[in-house]
Amino acid sequence: MRLSITHTTKYRFDQPVLYGLHELRLSPRSGPTQDVECWDTQILAGQHQVGFIDHHRNAVELVRVEPGATETVVIAAGEVVTTDTAGVIGPDQGGTPQWLYERSTKLTAPGPNVRRLVRSVDRSVADLDVLHGLSAAVRNAIDYLPGITEVDTPADAVLEAASGVCQDHAHVFVAAARLLGFPARYVSGYLFVEGGQEEASHAWAEVSVEGLGWVGFDIANQISPDGRYVRLAVGLDYREAAPISGVRRGAGGETLEVDVSVTEQGSAQQ
């Protein structure tokens, strides 16, 4: 599929900013499941400082907010041609060690609720079946309901609430997969919805499976990612793969508006 994506993030500040820095992971990279044909990031009331590839092989940009700004806008847009590989990404092309993705974080720590969930999963079957069973168990335990959790809600608290969004499904799945002995990571990206428009970026998980390499699992939708998905960034959890994060110095609060449009541009040339 050929997908056209526009991701607009707008911050409004109650008082002029004294100092602000955005960390952007808004530039997808070409790989086994996608070819980035064109991509551009525009910053209004901000200046690009530096760009680099992090230890997860994500493209990262640091952007300084102009002092005195009361609003800043980041617009990332481009076209990506995707390939349906039934969720299989394959082995890592870089030098990141597998053991890194066995580490727990504050958001993916395996508390008693995660451990209870893992005990309910049938582990007598093949690895892929174990993981699909885990995906179903997570989805059954967590109703999709926005507004219940925050970006910093840990996996065990999500299970306690029994509600959350795709980010929460991914965190619980990653925490449980690591507890089962699989290297697992969080993925941020985009999902094309037929006839609709995504209001925010999407999130899912990838697990390293012997003989296949990395395999994706969209827990919220109970499928492995196909040609409708564009991978943006990966990390141990949301904090390492968030499309945009940062710090600000100055009085007053802020409001955030996010608009994501993903449309199909016709069949890609084979």
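In which strand is glycine 51 found? In this predicted model, glycine 51 belongs to strand 4. Its relative accessible area is 45%, so glycine 51 is classed as partly exposed, given that the partly exposed class runs between 20% and 50%. Leaving aside neighbours within four places in sequence, glycine 51 is in contact with Val60 and Glu61. Between the C-alpha atoms of glycine 51 and glycine 227 there are 28 Å in space, for a separation of 176 residues in sequence.

The protein chain as a whole contains five helices and 15 strands. For its 270 residues, a compact globule would be expected to have a radius of gyration near 18 Å; the value for the protein chain is 19 Å, and the two therefore agree. The C-alpha trace spans about 60 × 45 × 40 Å along its principal axes. Of the contacts in the protein chain with a separation of 6 or more, 74% are accounted for by residues 24 or more positions apart. Buried residues make up 50% of the 270 residues. The exposed area of the protein chain is about 12400 Å², with 48% of it supplied by carbon and sulfur atoms.

Side-chain charges in the protein chain number 21 positive and 35 negative, and 7 Å lie between the centres of the two sets. Zero disulfides were found in a search of the whole structure. Cysteine 38 is partly exposed, with a relative accessible area of 40%. Cysteine 166, by contrast, is buried because its relative accessible area of 12% falls under the 20% cut-off.

Helix 4 covers residues 166–179 and includes histidine 169. The relative accessible area of histidine 169 is 0%, so this residue is buried. Apart from neighbours within four places in sequence, histidine 169 is in contact with Val138, Arg139, Ile142, Tyr144, Gly164, Ile219 and Ala220. One of these partners, isoleucine 219, lies in the loop between strand 12 and strand 13 (229–235). Isoleucine 219 has a relative accessibility of 1% and therefore counts as buried. Its contacts, with neighbours within four places in sequence again left aside, are Ser135, Val138, Arg139, His169, Ala170, Phe173 and Ala205. Val138 and Arg139 are thus among the contacts of histidine 169 and also among those of isoleucine 219. Isoleucine 219 and isoleucine 148 are 71 residues apart along the chain, and their C-alpha atoms are separated by 18 Å.

Tyrosine 101 is placed in the loop between strand 7 (88–90) and helix 1 (112–119). Although it is located in a loop, tyrosine 101 is buried, with a relative accessible area of 1%. Beyond its neighbours within four places in sequence, tyrosine 101 is in contact with His56, Asp92, Thr96, Arg178, Phe182, Pro183, Ala184, Arg185, Trp214 and Leu236. The C-alpha atoms of tyrosine 101 and valine 121 are separated by 21 Å, with the two positions 20 residues apart along the chain counted as their separation. Tryptophan 214, one of the contacts of tyrosine 101, is located in strand 12 (residues 213–217). At a relative accessibility of 0%, tryptophan 214 counts as buried. From tryptophan 214 to aspartate 168 the C-alpha to C-alpha distance is 20 Å, and the two are 46 residues apart in sequence.

Backbone torsions were also examined. Most residues other than glycine have a negative phi. Arginine 57 has a positive phi, near 70 degrees. This arginine 57 is in the loop between strand 4 (46–53) and strand 5 (59–65) and is partly exposed, with a relative accessible area of 41%. Alanine 162 likewise has a positive phi, of about 60 degrees, while not being a glycine. The loop that holds alanine 162 runs between helix 3 (155–161) and strand 9 (163–164). With a relative accessible area of 29%, alanine 162 is partly exposed.

Methods:
Residues are numbered from 1 along each chain as its sequence is written. This is a predicted model: local features need pLDDT of at least 70, side-chain atom pairs count only at pLDDT 80 or more; totals for chains, interfaces and linings use all residues. Side-chain values use heavy atoms; hydrogens and water are left out. Helices (H or I, at least four residues) and strands (E, at least two) are DSSP runs, numbered from the N terminus. The radius of gyration is taken over C-alpha atoms; the globule rule is 2.2 Å times the number of residues to the power 0.38. Buried means under 20% relative accessible area, exposed over 50%, partly exposed in between (1.4 Å probe, protein chains only). Contact means heavy atoms within 4.5 Å. Accessible areas come from the Shrake-Rupley method with a 1.4 Å probe; for residues, only the protein chains shown count as cover. Lys and Arg count as positive and Asp and Glu as negative; His and the chain ends are not counted. The place of a charge is taken as NZ of Lys, CZ of Arg, CG of Asp or CD of Glu. A disulfide is a pair of cysteine sulfur atoms within 2.5 Å.
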